[in-house]
Amino acid sequence: MSLRVLVVEDEPLNRDFVAGLVEGTPGFSLLAACADLDGARRALNRRPDVVLLDVQLGRGTGLDLLDDPAFAALDPPPAVVFVTAYDGYAVAAFERHAADYVRKPSGQKRLGAALERARRRLEGERARDDLRA
């Protein structure tokens, strides 16, 4: 089964790069690529498994998305990987249970490793849920 990925990035070149990487990575499919928080909130209705999220998004931040009730309502929650040029948000990202924090500019290898880390997190959570059932 392919994991559905939501990319949230306001810079078109970065959004295209990350979306292309997702599309070219076996086991992952691009659910949507959004440029802002409004688009990201709408895309949450499609229930992504993984969210690749920039921090600075024009009128808000990626942290705002994680604090949004629509995100909190997702069950199970998606694995979140921040992909950003800013290192000052890392602690806040991990306090919100980010699977990874990737500094831009990053290459295919680093982003691919972040996707795999997100996959392992989701697999671990699903295995724990199966044990509880």
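**Exercise 1. Work out which strands supply at least two residues each to the lining of the largest cavity, and describe that cavity.**

*Solution.* Strands S1 and S3 each contribute at least two lining residues. Keep in mind as you work that this is a predicted model.

Step 1: list the lining. Val7, Val8, Glu9, Val18, Leu52, Leu53, Asp54 and Val83 surround the largest cavity.

Step 2: sort these residues by character. Six are nonpolar, none is polar and two are charged.

Step 3: add the volume. The largest cavity encloses about 30 Å³, and the structure has one cavity of 30 Å³ or more.

**Exercise 2. Find the order of the strands in the open sheet, and explain why one side of S2 and of S5 has no neighbour there.**

*Solution.* Step 1: read across the sheet. Its five strands follow the order S2-S1-S3-S4-S5, and the pairing is parallel.

Step 2: look at the ends. Strand S2 (28-34) and strand S5 (100-103) are at the edges with a single partner strand each, so one side of each lacks a neighbour in the sheet.

Step 3: check the twist. Ignoring direction, neighbouring strands are turned against each other by 20° on average.

Step 4: zoom in on one pair. S3 and strand S4 (residues 79-84) run parallel and are joined by four bridges; here Leu52 sits opposite Val81 in S4.

Step 5: place the helices. Helix H1 (residues 12-23) packs on the sheet, where it touches strand S1 (3-8), S2 and S3, and its direction makes about 160° with that of S2. Helix H2 (residues 37-44) lies across S1 and S2, at about 140° to S2.

**Exercise 3. Decide whether Thr61 is buried or exposed.**

*Solution.* Step 1: locate the residue. Thr61 belongs to the loop between strand S3 (50-53) and helix H3 (62-67).

Step 2: apply the cut-off. Buried means under 20% relative accessible area; Thr61 has 15% relative accessibility, so Thr61 counts as buried.

Step 3: see what surrounds it. Apart from neighbours within four places in sequence, Thr61 contacts Leu37, Val55 and Gln56.

**Exercise 4. Identify the element that gives the most residues to the lining of the largest pocket.**

*Solution.* Step 1: start with the volume, which is about 170 Å³ for the largest pocket.

Step 2: pick out the contributing elements. S4 and helix H6 (108-132) are the ones giving two or more residues to this lining.

Step 3: choose between them. H6 gives the most, with three residues.

Step 4: finish with the make-up. The pocket lining comprises eight nonpolar residues, one polar and three charged; among them are Leu66, Phe71, His97 and Glu125.

Conventions. Residues are numbered from 1 along each chain as its sequence is written. This is a predicted model: local features need pLDDT of at least 70, side-chain atom pairs count only at pLDDT 80 or more; totals for chains, interfaces and linings use all residues. Side-chain values use heavy atoms; hydrogens and water are left out. Buried means under 20% relative accessible area, exposed over 50%, partly exposed in between (1.4 Å probe, protein chains only). Contact means heavy atoms within 4.5 Å. Two strands pair if DSSP finds at least two bridges between them. Axes are lines fitted to C-alpha atoms, for helices over the stretch in contact, and angles run from 0 to 180 degrees between N-to-C directions. On a 1 Å grid over the protein atoms alone, a cavity is a set of points where a 1.4 Å probe fits but cannot get out, and a pocket is an open set with protein on both sides within 12 Å along at least five of seven lines; lining residues have an atom within 4 Å of a point. Grid points are joined across faces, edges and corners, and a volume is the space filled by probe spheres set on the points. Ala, Val, Leu, Ile, Met, Phe, Trp, Tyr, Cys and Pro count as nonpolar, Asp, Glu, Lys and Arg as charged, and the others, Gly among them, as polar.
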